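Colleague: Let's go through this model together. I'll ask, you answer.

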Amino acid sequence: MAFTRATGKHRRPRRIERGTARAAGVAALTTTGVVGSFAAPALAAEPAAAQTGLTPVITLGDEVAAQVDAQAAAQHEAAREAAETAARKAAEKAAREKAAEAAEEAREEKERAAREAERARLNTFVSPIPGSYVSTGYKSGGAVWSSGSHTGVDFHAASGTPVQSVGMGTVVEAGWGGAYGNQVVIKMHDGTYTQYGHLSSIGVSVGQQVAAGQQIGLSGATGNVTGAHLHFEARTGAEYGSDLDPVAYLRAHGVNL
């Protein structure tokens, strides 16, 4: 009995064609995610599907996904660390700037305090003999003075009483002054001069810097005097004849007499 070979559209596909088509279907289902649900069991009986290279393709996709996830995680961690580093650096910078500002303020305050202290030191005046009083006033008349009047004031003081500079200045004369006896003349920081006469002893020298309240000698009765006392003058210049009212001078500098 003879058999005829099927032809045309009713011809049965060959085995290799069926395998290829099935593999292509699996590939298509894989892309849609269907292959994981029902396509794989249906194809389990077909050995040809294992020869298509489909499994390596799926495995490669998983590896790539894992690498992408790992890279994303690493990038996220790097971004987090970068943000933390930037925040830390910003905080450190802010702390340094704050510390620098505080140090600058402290320096300025120290300088301000030093200036105030220096200003106070320069502007501090005291009486030449603390607790004493004026026994002979300015411009008092009498034959005892060659000019006819008193060019300074006399402070009551027993011989040997400490005499102090009334303010800050530089000693320009220290020695014998004729009618003034032993005397000290000081150029004050504001350009005026003060004179201390009839001293029994001198405790400073020319060129020496003195401060308000610093002892410069001891009161006495040297020169043209009738008894121990301190002769004190305020002047616009170092020489005789440029005198000022000593009491007004001291009061103008804050000294109560």
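**V247 and its surroundings**

Colleague: Leaving aside neighbours within four places in sequence, which residues is V247 in contact with?
Modeller: This is a predicted model. Neighbours within four places in sequence are set aside here. What remains for V247 is contact with V134, V153 and L257.

Colleague: In which helix is V247 found?
Modeller: Look at residues 246-252. They form a helix, and V247 is part of that run. The helix is α4.

Colleague: Does V247 count as buried or exposed?
Modeller: The cut-off for buried is under 20% relative accessible area. V247 has 17% relative accessibility, so V247 counts as buried.

Colleague: Which strand is joined to β1 by two bridges?
Modeller: Strand β1 covers residues 134-136. Its partner covers residues 153-156, and the two run antiparallel. T136 has D154 as its bridge partner there. The strand is β2.

Colleague: Which residue in β9 stands opposite V153?
Modeller: β2 is joined to β9, residues 229-235, by four bridges. These two strands run antiparallel. Opposite V153 in β9 stands F232.

Colleague: How far apart in space are V247 and F232, C-alpha to C-alpha?
Modeller: V247 is in contact with V153, and V153 stands opposite F232. In sequence, V247 and F232 are 15 residues apart. In space, C-alpha to C-alpha, the value is 9.7 Å.

Colleague: Step back to the whole protein. How many helices and strands are there?
Modeller: Read along the sequence, the pattern is α-α-α-β-β-β-β-β-β-β-β-β-β-α. The count is four helices and ten strands.

Colleague: What share of the contacts with a separation of 6 or more comes from residues 24 or more positions apart?
Modeller: The protein has 257 residues, and 26% of them count as buried. Among contacts with a separation of 6 or more, residues 24 or more positions apart account for 59%.

Colleague: About how much area does the protein expose?
Modeller: Carbon and sulfur atoms supply 57% of the exposed area. The total is about 15800 Å².

Colleague: Over residues 15-50, pLDDT stays under what value?
Modeller: The protein averages a pLDDT of 82, and 74% of the residues score at least 70. Residues 1-10 stay under 50, with one contact beyond four places in sequence. Where pLDDT is low, predicted coordinates should not be read in detail. Residues 15-50 have 21 contacts beyond four places in sequence, and their pLDDT stays under 50.

Notes
Residues are numbered from 1 along each chain as its sequence is written. This is a predicted model: local features need pLDDT of at least 70, side-chain atom pairs count only at pLDDT 80 or more; totals for chains, interfaces and linings use all residues. Side-chain values use heavy atoms; hydrogens and water are left out. Buried means under 20% relative accessible area, exposed over 50%, partly exposed in between (1.4 Å probe, protein chains only). Contact means heavy atoms within 4.5 Å. pLDDT is the predictor's confidence in each residue, from 0 to 100. Accessible areas come from the Shrake-Rupley method with a 1.4 Å probe; for residues, only the protein chains shown count as cover. Two strands pair if DSSP finds at least two bridges between them.
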